[in-house]
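User: Hi! I'm just starting out with protein structures and would love a close look at one part of this one.

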Amino acid sequence: MTRVFNFSPGPATLPEPVLRQAAAEMLDWHGSGMSVMEMSHRGKEFIGIYEEAIALLRELMQVPANYKVLFMQGGAIGENAIVPMNLIGRTGRADYIVTGEWSTRSCKEAAKFGTVNVAATGEGNGFTAIPKRAEWKLDPKAAYVHICSNETIGGVQYHWTPDTGSVPLVADMSSDILSRPIDVSKYGLIYAGAQKNMGPSGLTVVVVRDDLLGHALPVTPSAFNYQLQSENDSMYNTPPTYAIYIMGLVLKHFQSLGGIAAIEAHNKAKAKVLYDFLDASKFYRSPVAREDRSLMNVPFKLKDDALDAEFLKDAQARGMIQLKGHRLVGGMRASLYNAMSIEGVQALVKYMKEFEDTHA
Ligand SMILES: *Cc1c(COP(=O)(O)O)cnc(C)c1O
């Protein structure tokens, strides 16, 4: 068996010990005689798996007691509608900070449910930098302010937590959740699809402050009503049980590595290897403003984009896959999520250097 270095933006690489454990437990989970896939979500075995996953997530993220953790379906794109359906009703308006493709889509979707104000946008610089807080034109009557903490496609990331006063801050953390310690109390709501940093696709995690529950628009489908899901321990409908189980294994693995502070140190070390190389090179370049560079998704360009196809083909031949940049941005993109090893990044840089030496 050969495993590749998978730089996919998502669904993404998972920790190998987790995949091995899942394989070993596939037919018979802990002597139950069942696969986790075959368990009732209301049986004691699965309830145990669910409770452990919630407890691990709360511990790793240090979620305060006045927040609920919900396991939902629909992904972050689903949350683009679910968030406004549940939160915008308090005042009928919301502020969006537009920093790239994902926050653009969040903003457009929210406009179906209320009045949306683009309080700041990075469009003027081609989404290569996060607009400074001083430039934001916030509406004091907004029900919330929405940001995307890490733009997976453009590769910009907040390295600061915006202060929005008494207006709740809502963040799409799909591509950087659990990659670094954050202060959950500074947010009203955090949501993330699991498939970038903490598990398989099909599971969406929502962390929401208690006082934001109970304001859903009447049109809100019951399965997407945060309060109803909270009252039913995320089991108003059948939750994505197998994805929850795998996420639980991933979280346990993160805990064994030393928790989120240790993961952050690893992520910083990995990103430094690649950015230091890009900065020293005249053949490759990073289009993103230095202070806003993502530690998770690193877009880069070759000197001549006519070489892109050859670069990708040779990378693939060396077991390095999914390096093609998003079609909106072009060039390359290396995604360095939690489960990517430093060996993977070192192998990439070694290959990039060789490619540069033969093509410069
Ligand atoms: C991947 C991603 C999405 C889309 O997630 P889906 O699971 O396809 O709904 C949204 N926002 C961000 C920041 C992402 O990285």
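How far does a backbone N or O atom of isoleucine 77 lie from an oxygen atom of the ligand? Please walk me through the surroundings too.

Analyst: Happy to help! Keep in mind that this is a predicted model. In it, a backbone N or O atom of isoleucine 77 lies 2.8 Å from an oxygen atom of the ligand. The residue just before, alanine 76, also takes part: one of its polar backbone atoms is 3.1 Å from an oxygen atom of the ligand. A side chain joins in as well, since an N or O atom in the side chain of aspartate 172 is 2.7 Å from a nitrogen atom of the ligand.

Now step back to the whole surroundings. Around the ligand you will find Gly75, Ala76 and Ile77, then Trp102, then Cys148, Asn150 and Thr152, followed by Asp172, Ser174, Ser175, Gln195 and Lys196.

Two of these names come back when we turn to the helices. Ile77 belongs to α3, and Trp102 to α4; both are listed where these two helices meet. Helix α3 covers residues 75-87 and helix α4 covers residues 101-110, and their axes come within 9 Å and cross at roughly 45°. Because of that angle, α3 counts as oblique to α4. The crossing is right-handed. On the α3 side, Ile77 is joined by Asn80, Ala81 and Pro84, while on the α4 side Trp102 is joined by Arg105, Ser106, Glu109 and Ala110. Sorted by class, the residues of this contact are 5 nonpolar, 2 polar and 2 charged.

For comparison, try another helix pair. Helix α2 (residues 44-61) packs with helix α6 (residues 241-256) at an angle of about 45°, and their axes are 9 Å apart. This angle makes α2 oblique to α6. Here the crossing is left-handed, whereas that of α3 and α4 is right-handed. Among the residues that meet are Phe46, Ile49 and Leu56 in α2, and Ile244, Leu251 and Phe254 in α6. The contact of α2 with α6 has 11 nonpolar, 3 polar and 3 charged residues.

Finally, here are two backbone details to look up in the loops. Most residues other than glycine have a negative phi, and most peptide bonds are trans. Glutamine 62, in the loop between α2 and β2, has a positive phi near 50°. Glycine 10 and proline 11 are joined by a cis peptide bond, with omega about -15°. You can find proline 11 in the loop between β1 and α1.

Terms used
Residues numbered from 1 in each chain as written. Predicted model: local features only at pLDDT ≥ 70, side-chain atom pairs only at ≥ 80, totals over all residues. Heavy atoms only, no water. Axes fitted to C-alpha atoms, helices over the stretch in contact; angles between N-to-C directions. Helix = DSSP H or I, 4+ residues; strand = E, 2+ residues; numbered from the N terminus. Parallel < 35°, antiparallel > 145°, perpendicular 65-115°, else oblique. Left-handed = near helix turned anticlockwise from the far one by under 90°. Contact = heavy atoms within 4.5 Å. Nonpolar A, V, L, I, M, F, W, Y, C, P; charged D, E, K, R; others polar. Near = heavy atom within 4 Å. Polar contact = N/O pair within 3.5 Å; in protein donor to acceptor, adjacent residues only side chain to side chain.
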